[in-house]
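The following exercises are to be worked through with the sequence and the coordinates at hand. Each task is followed by a solution in steps.

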Amino acid sequence: MAVRDYTMLSGQFFTTQDVDAAAKVAVLGETVAENLFGDSDPTGQVVIIKNVPFTVAGVLTPKGQSPTGQDQDDVILLPISTAMQKVLGANKANAQAVGSLTVQAVSPQAMDSAIEEMEALLRERHRILPGLEDDFTIRNLTEVFQAQETSAQVMSILLGAIASVSLIVGGIGIMNIMLVSVTERTREIGLRQAVGAKTGDILLQFLVEAVTLSLLGGSVGIAVGLAASVLISHFAKWSTAVSPLSILLAFLFSALVGVFFGYYPARKAAFMDPIEALRYE
């Protein structure tokens with residue numbers, strides 16, 4: 001059998017002769033080809049499927065993962081007659097029946113008209129009278145993509161809410177630490193004011209301390225996140241990517257949390273009465 005370029009350009013993977021003769025030929029997905037033959041050319045090689053030898057006629061063009069995360073290259077295509085008679089073991093009385101069909105429109109603009117033509121053809125083949133409901137279902141991948149986008153948006157909102165709660169809890173912790181620090185250093189604050197420190201100087205000092213504390217916590221979180229992504233990629237075999245922009249945003253939000261939640265303790269320290277601060281025990 002001549003080697004052919006098995007792409008979806010023609011909409012066919014096998015010739016009419018292959019189907020009529022139930023030829024024992026197979027077209028492999030890229031994942032299957034790599035697992036079975038590595039870097040060597042699988043064309044012309046023989047694979048065993050359900051104890052039946054099949055000659056590899058070609059390899060499919062890589063497609064990657066589907067919207068549901070399934071590897072679309074982990075497939076083996078056979079002529080439908082061959083699959084029914086020699087692999088699936090279809091009943092001779094129902095040899096032409098199929099459970100599902102995958103159809104590709106010639107262009108995105110022709111999607112609606114293609115669905116209408118398929119619906120009309122299936123109703124005719126199934127002999128469904130006008131007014132009766134269809135006994136089949138046509139699914140458009142556009143709807144699947146929209147559902148995936150909706151799910152992704154909901155997940156993003158949930159993750160954002162969780163992150164917001166974490167930031168608030170962490171910020172409250174920083175504020176409590178700074179309030180305790182201000183209380184313990186009351187005499188020091190009064191002494192600084194007595195020797196000429198201005199309100200802005202003390203305010204800036206405690207803001208810097210709050211931001212430093214927040215950045216230290218953010219750095220630990222970033223390190224844990226990077227380590228977790230590496231471990232997940234290594235053990236779970238999931239592809240993960242951490243962009244430098246996300247790391248920069250993490251540092252920025254850490255600094256903003258320090259400023260926001262550290263302002264009240266810093267202001268409390270800056271506007272202390274120097275005399276009362278020096279008398280504090």
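**Exercise 1. Helix 3 and helix 2 in their surroundings**

Identify what covers the buried residues of helix 3, and then do the like for helix 2.

Solution. The model is a predicted one.
Step 1. The cover over the buried residues of helix 3 includes helix 1 (16-20), strand 2 (46-49) and strand 3 (52-59).
Step 2. Helix 3 spans residues 80-88, and its buried residues are Ser-81, Thr-82, Ala-83, Met-84 and Val-87.
Step 3. In helix 2, residues 30-37, the buried positions are Thr-31, Val-32, Ala-33 and Phe-37.
Step 4. Strand 1 (25-28), strand 2, strand 3 and strand 4 (76-77) are among the elements that cover these residues of helix 2.
Step 5. Immediately after helix 2 comes Gly-38, with a positive phi of about 65 degrees.

**Exercise 2. The nonpolar cores**

Determine which members of the largest nonpolar core touch the most other members, and which helices each supply at least two of its residues.

Solution.
Step 1. The largest nonpolar core has 17 residues, and those touching the most other members are Val-182, Ile-189, Ile-202, Phe-206 and Ala-269.
Step 2. At least two residues of this core come from each of helix 5 (141-184), helix 7 (199-236) and helix 8 (244-270).
Step 3. Take Ile-189 as an example: beyond its neighbours within four places in sequence, Ile-189 is in contact with Val-182, Ile-202, Phe-206, Ala-269 and Met-272.
Step 4. Another core, of 13 residues, lies apart from this one, and its members include Leu-28, Ala-33, Val-47 and Phe-54.

**Exercise 3. Ser-254 and the second largest pocket**

Is Ser-254 buried or exposed, and which residues lie nearest the centre of the second largest pocket?

Solution.
Step 1. Ser-254 is part of helix 8.
Step 2. Its relative accessible area is 11%, so Ser-254 is buried, the limit being under 20%.
Step 3. The side chain of Ser-254 reaches the backbone oxygen of Ala-250 at 2.8 Å.
Step 4. With residues up to four places away in sequence set aside, Ser-254 touches Ser-214, Leu-215 and Gly-218.
Step 5. Ser-254 also belongs to the lining of the second largest pocket, where Leu-167, Ala-250, Phe-253, Ser-254 and Val-257 lie nearest the centre.
Step 6. That pocket holds about 300 Å³ of space, and its lining comprises 15 residues.
Step 7. Eight of the lining residues are nonpolar, seven are polar and none is charged; helix 5, helix 7 and helix 8 each supply at least two of them.

**Exercise 4. Arg-123, and two residues with positive phi**

Establish which backbone oxygen the side chain of Arg-123 reaches, and where Ala-22 and Arg-127 are placed.

Solution.
Step 1. Arg-123 lies in helix 4 (residues 111-125) and, at a relative accessible area of 18%, is buried.
Step 2. The side chain of Arg-123 reaches the backbone oxygen of Leu-129 at 3.0 Å.
Step 3. Not counting residues up to four places away in sequence, Arg-123 touches Leu-129 along with others, including Ile-128, Pro-130, Glu-133 and Phe-136.
Step 4. Arg-127 sits in the loop between helix 4 and helix 5; its phi is near 55 degrees, a positive value in a residue other than glycine.
Step 5. Arg-127 counts as exposed because its relative accessibility is 75%.
Step 6. Ala-22, in the loop between helix 1 and strand 1, also has a positive phi, near 50 degrees.
Step 7. Ala-22 is buried, with a relative accessible area of 4%.

Technical notes
Residues numbered from 1 in each chain as written. Predicted model: local features only at pLDDT ≥ 70, side-chain atom pairs only at ≥ 80, totals over all residues. Heavy atoms only, no water. Core = buried A, V, L, I, M, F, W, Y, C linked by side-chain atoms within 4.5 Å. Buried < 20%, exposed > 50% of the residue type's maximum accessible area, 1.4 Å probe, protein only. Helix = DSSP H or I, 4+ residues; strand = E, 2+ residues; numbered from the N terminus. Contact = heavy atoms within 4.5 Å. Polar contact = N/O pair within 3.5 Å; in protein donor to acceptor, adjacent residues only side chain to side chain. 1 Å grid on protein atoms, 1.4 Å probe; cavity = no way out; pocket = protein on both sides within 12 Å on 5 of 7 lines; lining within 4 Å. Points joined across faces, edges and corners; volume = space filled by probe spheres on them. Nonpolar A, V, L, I, M, F, W, Y, C, P; charged D, E, K, R; others polar.
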